[in-house]
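User: I have a chain here and would like to go through the labels attached to it. Could you explain the reasoning behind each one as we go?

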Amino acid sequence: FGLVKVPSDSEREDVNLTTGGFVGGTPNYIAPEQAAGDAVDGRADIYSLGCVAYWLLTGRQVFESGSAAGVIAAHMRAAPIPPSQRAQREIPPDLERVILKCLQKKPDDRPQSAEDLSHMLGSCETEAVWTRQMAKDWWERNGSRSSTGTVTARSDQIGNGI
């Protein structure tokens, strides 16, 4: 996804310096290794995407705290509550497994690439099939075209079929 930058050796800070290193990221979506200041790669993006999926399904952040530091500490140490225990609607067990796999603390325990994640999501059971063509048709019916020809959602249609 390209959300993380792997620093070169010359960019890495000496952890013994009093000025310390800089950890960047949004607390609600930060991967544990990123929060720890360790090397990151695309699997940190997979973790962040798992956080987004969790929020989309539950309406809640993976970890909630009164402070950014508390949220970051939880990303580093706490196990997430399964989405099915926090959602208003039923969550398919296989989808929940994929999301929890994305939220594993160790990068090696997560899907190793966006392609791996795509395959995992593609094998999830669904009540109805939703194809790219169906999505395109939905946007054609319910979206509006901008001056550039791009299809955009109408605000009154968000959530009515996506």
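User: Why is L56 called exposed?

Analyst: Happy to start there, with the reminder that this is a predicted model. L56 has a relative accessible area of 61%, and exposed means over 50%, so L56 earns the label. Its place is in helix α2.

User: What makes L56 part of a nonpolar patch?

Analyst: The patch on the surface consists of L49, V52, W55 and L56, with about 360 Å² of accessible area together. A patch member needs over 30% relative accessible area, and L56 has 61%, so L56 passes that cut-off. Nonpolar side chains are then joined within 5 Å.

User: How do you know that α2 reaches about as far as a helix should?

Analyst: Helix α2 covers residues 42-58, which is 17 residues. The expected span is 1.5 Å times one less than the number of residues, which gives 24 Å for α2. From first C-alpha to last, α2 reaches 25 Å, close to that value. Just after the helix, G59 takes a positive phi of about 75°.

User: Which residues of α2 are buried, and what do they pack against?

Analyst: The buried residues are R43, A44, D45, I46, Y47, S48, G50, C51, Y54 and T58. They pack against α1 (32-35), α3 (68-77), α4 (93-102) and α5 (114-122). From the other side, α4 has D94, E96, V98, I99 and C102 buried, and the buried residues of α4 pack against α2 and α5.

User: What makes a set of residues a nonpolar core, and which residues form the largest one?

Analyst: The members must be buried nonpolar residues of the listed types, joined through side-chain atoms within 4.5 Å. The largest such core has 11 residues: A31, V40, A44, Y47, C51, Y54, V62, F63, A74, I99 and L103. Its largest share, 4 residues, comes from α2. A second, separate core of 5 residues includes V98, C102, L117 and C124. As for A74 in the largest core, its contacts beyond four places in sequence are F63 and K105.

User: Why is R43 called buried?

Analyst: R43, found in helix α2, has a relative accessible area of 15%. Buried means under 20%, so R43 falls on the buried side. Leaving out residues up to four places away in sequence, R43 touches E33, P107, D108, R110, P111 and Q112.

User: How do you know that R43 and D108 form a salt bridge?

Analyst: Their closest N and O atoms are 2.6 Å apart, and a salt bridge needs a side-chain nitrogen of Lys or Arg within 4 Å of a carboxyl oxygen of Asp or Glu. The pair therefore qualifies. It links distant parts of the chain, with R43 in helix α2 and D108 in the loop between α4 and α5, 65 residues apart. D108 counts as exposed, because its relative accessibility is 59% and the cut-off is over 50%. As for D109, R43 is 66 residues away from it in sequence and 9.6 Å away in space, C-alpha to C-alpha.

User: What makes D41 a salt-bridge partner of R43, and is D41 buried, exposed or partly exposed?

Analyst: The closest N and O atoms of D41 and R43 are 2.8 Å apart, and the limit is 4 Å, so this pair qualifies too. At 29% relative accessibility, D41 counts as partly exposed, because that label covers values between 20% and 50%.

User: Where do E64 and R86 lie, and why does their pair count as a salt bridge?

Analyst: Their closest N and O atoms are 3.3 Å apart, so the pair meets the 4 Å limit. E64 lies in the loop between α2 and α3 and R86 in the loop between α3 and α4, so the pair ties together parts that are 22 residues apart in sequence. E64 is partly exposed at 48%, whereas R86 is buried at 14%.

User: Which residues are joined into one network by shared salt-bridge partners?

Analyst: D41, R43 and D108 are joined in this way. The structure holds 5 salt bridges.

Terms used: Residues numbered from 1 in each chain as written. Predicted model: local features only at pLDDT ≥ 70, side-chain atom pairs only at ≥ 80, totals over all residues. Heavy atoms only, no water. Helix = DSSP H or I, 4+ residues; strand = E, 2+ residues; numbered from the N terminus. Buried < 20%, exposed > 50% of the residue type's maximum accessible area, 1.4 Å probe, protein only. Contact = heavy atoms within 4.5 Å. Patch = residues over 30% accessible without salt bridge, like charges linked within 9 Å, V, L, I, M, F, W, Y side chains within 5 Å. Areas by Shrake-Rupley, 256 points an atom, 1.4 Å probe, with all protein chains shown as cover.
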